[in-house]
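Morning, everyone. Let me put the model on the screen and walk you through it.

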Amino acid sequence: IEGLDWVIMSEIDEAEAFAAIGKLARKLILTTAVLLLLALIAAIIFSRTITRPLATLRENSKLLASGQLDVEIDTSGLDEIGALARDFDYMRKSLKKVVDELALLNAGLEQEVADRTAKLESSERRVKSILNNAADGIIVIDEAGIVQVFNPSAESMFGYSAHEVEGSNIRMLMPEHLARDHDAHLKRYGETGKKTIIGSTREIVGQKKDRTQFPIDLHVGEAEVGGEKIFVGVIRDITVRKELEAEIQRQLSFVESLVDTIPNPMFVKGPDAHFLAFNQEYEKVFGMSRENNLGKTVLEMEYLPMEVRKRFHDEDTRLLKNGEGAARETRIVYDDGEEHDVFYQVKAFDFPNGDRAGLMGILTDITELKTMERQLEQANQRMMEELNFARDIQMGMLPLLFPAFPDRSEVHLD
């Protein structure tokens, strides 16, 4: 008690004293148990409404990632999980649409690739067939001169098989004097791009497996395959042709020698009206050389006046077209500056197979004959004039000698 040094003490029973506390503890325990039960229920509900749908979405996403775009996604939920599921399903459908379109596109591309492959294979077979059946030898080399293709005609021509040549340098098919410079030509072309034989045909010499050399026509073309240049050579064995040309040249030399003995100017023109030959007399009378005029038409012959050239050229064209001949007298100025009377004959002729071969012409100088004809005509004219004069004198004297003679006007002499 305040102000006193007294202490009041009271005694109570322990059970009675802790009874309220125990009651509070029991209430607390009960409340905690209820709260835990509610938490458990909430957890179960949360698991069913959030965790499990999320787990399902996760499994579905794995299936989508693996490419299973036909998986069904539950979109019935009305909460955020449901909205997320609907987004997932929209994404699935969009992906499926894109994948289907890509599949269609891929199928189209695969078909196109298959078609192109088939075309390429067909083209390759066609090219191989052409190469294998070509009458000319065909050789393909790369920029280094290594043979890539050697067709059967080339095999027959050179005596090598394809496997002996392909992969080797083209020099093996050339004589030494040509092989020596071939690589340098290829290198120079690669550096400068200047074409010397590409795109043209020329005569060269090839060398067979047995080292025999023979004449060939070579045409070289250029192409690019896969970004790399290749050179295609088309080769023709012209051995027979050269032999025929040599024989023809021998015969022509004989014919030219024979024709040169003819004293009249002669010429031969081809089917295109170009001069193919002249004899020596033609050169002489016109003051020209055959070397400078072979291969020309009459329009280019400067020793003739232009109007004469045109007339002859028109006639040549007509005769070649119709296969006819012509003969006439004309006057032509020779190299001596004099105008000569000429009997001009020209006629078209054919090859044995019926094709038009050209024209052959000859000029005969008839100046002396025409001069004699003119002199004879003049002499005849003078003689007629003299006879007519003498007759007039005689007829004028008749009335003097014979007075009874009829008047001259009454006399008719037939």
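Start with S3 and strand S4, residues 213-225. They run antiparallel, and seven bridges join them. A word on terms: helices (H or I, at least four residues) and strands (E, at least two) are DSSP runs, numbered from the N terminus. Two strands pair if DSSP finds at least two bridges between them. On S4, Leu-218 stands opposite Arg-202.

Before I go on, the ground rules. This is a predicted model, so local features need pLDDT of at least 70, side-chain atom pairs count only at pLDDT 80 or more, and totals for chains, interfaces and linings use all residues. Residues are numbered from 1 along each chain as its sequence is written, and side-chain values use heavy atoms, with hydrogens and water left out.

Now the whole sheet. It is open, has five strands, and pairs antiparallel in the order S2-S1-S5-S4-S3. Strand S2 (147-150) and strand S3 (201-207) are the edges, each pairing on one side only. From one strand to the next, the twist averages 35 degrees.

Which helix lies across S1, S3, S4 and S5? That is H5, residues 176-192. Its direction is at about 145 degrees to S5. For angles, axes are lines fitted to C-alpha atoms, for helices over the stretch in contact, and values run from 0 to 180 degrees between N-to-C directions. Helix H6, residues 239-260, also packs on the sheet. H6 touches S3, S4 and S5, at about 130 degrees to S4. Contact means heavy atoms within 4.5 Å.

Next, the pocket. The largest one holds about 670 Å³ of space. The grid is 1 Å over the protein atoms alone; a pocket is an open set of points where a 1.4 Å probe fits, with protein on both sides within 12 Å along at least five of seven lines, whereas in a cavity the probe cannot get out. Lining residues have an atom within 4 Å of a point. Points are joined across faces, edges and corners, and the volume is the space filled by probe spheres set on them. There are 30 lining residues, and the closest to the centre are Met-174, His-182, Ile-197, Arg-202 and Leu-218. So where does the lining come from? S1, H5, S3, S4 and S5 each give two or more residues. H5 gives the most, with nine.

On to charges. A salt bridge is a side-chain nitrogen of Lys or Arg within 4 Å of a carboxyl oxygen of Asp or Glu. The count is 21. One network links Glu-203, Asp-217, Arg-241, Lys-242 and Glu-245.

Three single pairs are worth a look. Arg-290 meets Asp-260 at 3.4 Å, N to O. Arg-290 is in helix H8 (residues 290-293) and Asp-260 in H6, so the pair ties together parts 30 residues apart in sequence. Is Arg-290 buried or exposed? Buried, because its relative accessibility is 13%. Buried means under 20% relative accessible area, exposed over 50%, partly exposed in between (1.4 Å probe, protein chains only).

Second pair: Lys-269 and Asp-316, at 2.3 Å, N to O. Lys-269 sits in strand S6 (residues 266-269) and Asp-316 in helix H9 (residues 306-322), 47 residues apart. Both are buried.

Third: Asp-341 and Arg-331, at 2.5 Å, N to O. Asp-341 counts as buried at 6%, while Arg-331 is partly exposed at 38%.

That's my tour. Over to you.
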